[in-house]
Amino acid sequence: MEKINSPKNDHIKLAKKLTVKKYQKDYDRYLLEGPHLVHEALNAGVEPDVIYITDKYENDRELRPFYNKLVMVSKDVAEHLSATPTPQGMFAVLPLPHNSLPQPLAGSFLLLDAIQDPGNVGTLVRTADAAGVGTVVLGKQTADAFSPKVLRAMQGSQFHINVVSEDLNKLTGQLQRAGVPVYGTELNDRAKSYSAIAKTDQFALIMGNEGNGMRPELLAKTDVNVYIPMRGRAESLNVGVAAGVVLFHLLG
């Protein structure tokens with residue numbers, strides 16, 4: 001097995017670049033870190049370009065079918081590649097997926113309108129996966145799905161669920177013309193308690209920006225706005241928690 005000891009190695013320099021959106025687009029590749037996430041990718045049938053491991057994973061059974069893709073790296077290299085203070089010792093260079101909306105437009109959708117916190121974006125994708133949502137759509141100004149923080153927060157859910165980027169203004173109209181109701185999440189005089197909405201597997205739920213909520217132009221296009229009644233004294237819920245409450249109700 002090949003071994004790389006220096007962070008200055010050209011292959012390692014490239015792998016490090018693949019944590020940055022610009023280079024991900026240029027090379028159509030991204031770097032995934034951590035044994036759990038790499039195993040999820042391999043189990044989903046994703047073909048890696050290369051898998052960098054420390055000696056800790058030399059005998060990892062799940063990596064045996066990919067032995068010809070394995071490269072041993074030193075602790076210094078692992079620390080250089082890692083996006084966390086404590087490197088996990090396994091990294092894979094993977095092709096960027098090129099997912100698209102289902103055709104015809106049908107099923108359940110979670111639309112993210114300018115969700116900027118990477119942890120929230122990852123949590124929303126993971127929550128949608130757990131609830132059984134078909135497609136998560138990242139709108140403009142939403143954190144990039146393949147940034148290291150989002151990848152960690154998704155915990156591999158991107159391999160189980162369709163994640164795409166689209167213009168939400170256009171998409172909401174397309175969904176409605178296809179007979180898919182669009183639900184907003186904004187407390188106003190048109191809003192209904194989420195529990196008043198009938199359970200269904202055909203809907204699009206929009207979650208708005210953490211601080212400003214949904215953009216007015218999107219809010220104006222929704223069929224119904226839903227809210228979660230607060231029984232305690234908290235003023236609001238984290239966007240990931242709120243989405244989970246509504247999604248599990250709708251798909252329950």
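**Exercise 1. How far apart do the C-alpha centres of domain 1 and domain 2 lie?**

Solution. Begin with the division of the protein chain in this predicted model: domain 1 covers 2-95 and domain 2 covers 108-251. Next, take the C-alpha centre of each domain; the two centres are 32 Å apart.

**Exercise 2. Describe the interface of domain 1 and domain 2: how many residues are in contact, and how much area is buried?**

Solution. Step one is to count contacts, taking heavy atoms within 4.5 Å as the cut-off. On the side of domain 1 there are 15 residues, and they touch 10 residues of domain 2.

Step two is the area. The two domains bury about 1000 Å² between them, and carbon and sulfur atoms hold 66% of that area.

Step three is to find the residues of domain 1 that supply the most. Tyr30, Leu37 and Glu40 account for 39% of the area domain 1 buries against domain 2, more than any other three residues.

Step four is a search for salt bridges across the interface of domain 1 and domain 2. The rule finds zero.

**Exercise 3. Characterise the largest pocket: what is its volume, and which element gives the most to its lining?**

Solution. First, the volume: the largest pocket holds about 640 Å³ of space.

Second, the lining. It consists of 24 residues, and those nearest the centre of the pocket are Thr185, Leu187, Ser236, Leu237 and Ala242.

Third, the elements. Two or more lining residues come from β12 (224-227) and from α9 (239-251). Of the elements, α9 gives the most, with three residues.

Fourth, sort the lining residues of the largest pocket by type: 12 are nonpolar, nine are polar and three are charged.

**Exercise 4. Characterise the second largest pocket: which residues are closest to its centre, and which domains supply its lining?**

Solution. Start again with the volume, about 470 Å³ for the second largest pocket. Its lining has 20 residues, with Lys25, Pro97, Asp144, Phe146 and Ser165 closest to the centre.

Then assign lining residues to elements: α2 (21-27) and β8 (162-165) supply at least two each.

Sorting the lining of the second largest pocket by type gives eight nonpolar, seven polar and five charged residues.

Last, compare with the domain bounds. Domain 1 (2-95) and domain 2 (108-251) each contribute at least three residues to the lining of the second largest pocket.

Notes:
Residues are numbered from 1 along each chain as its sequence is written. This is a predicted model: local features need pLDDT of at least 70, side-chain atom pairs count only at pLDDT 80 or more; totals for chains, interfaces and linings use all residues. Side-chain values use heavy atoms; hydrogens and water are left out. On a 1 Å grid over the protein atoms alone, a cavity is a set of points where a 1.4 Å probe fits but cannot get out, and a pocket is an open set with protein on both sides within 12 Å along at least five of seven lines; lining residues have an atom within 4 Å of a point. Grid points are joined across faces, edges and corners, and a volume is the space filled by probe spheres set on the points. Helices (H or I, at least four residues) and strands (E, at least two) are DSSP runs, numbered from the N terminus. Ala, Val, Leu, Ile, Met, Phe, Trp, Tyr, Cys and Pro count as nonpolar, Asp, Glu, Lys and Arg as charged, and the others, Gly among them, as polar. Domain bounds come from an automatic or database domain assignment. Buried area is the accessible area (1.4 Å probe) that two parts lose on being put together, summed over both. A salt bridge is a side-chain nitrogen of Lys or Arg within 4 Å of a carboxyl oxygen of Asp or Glu.
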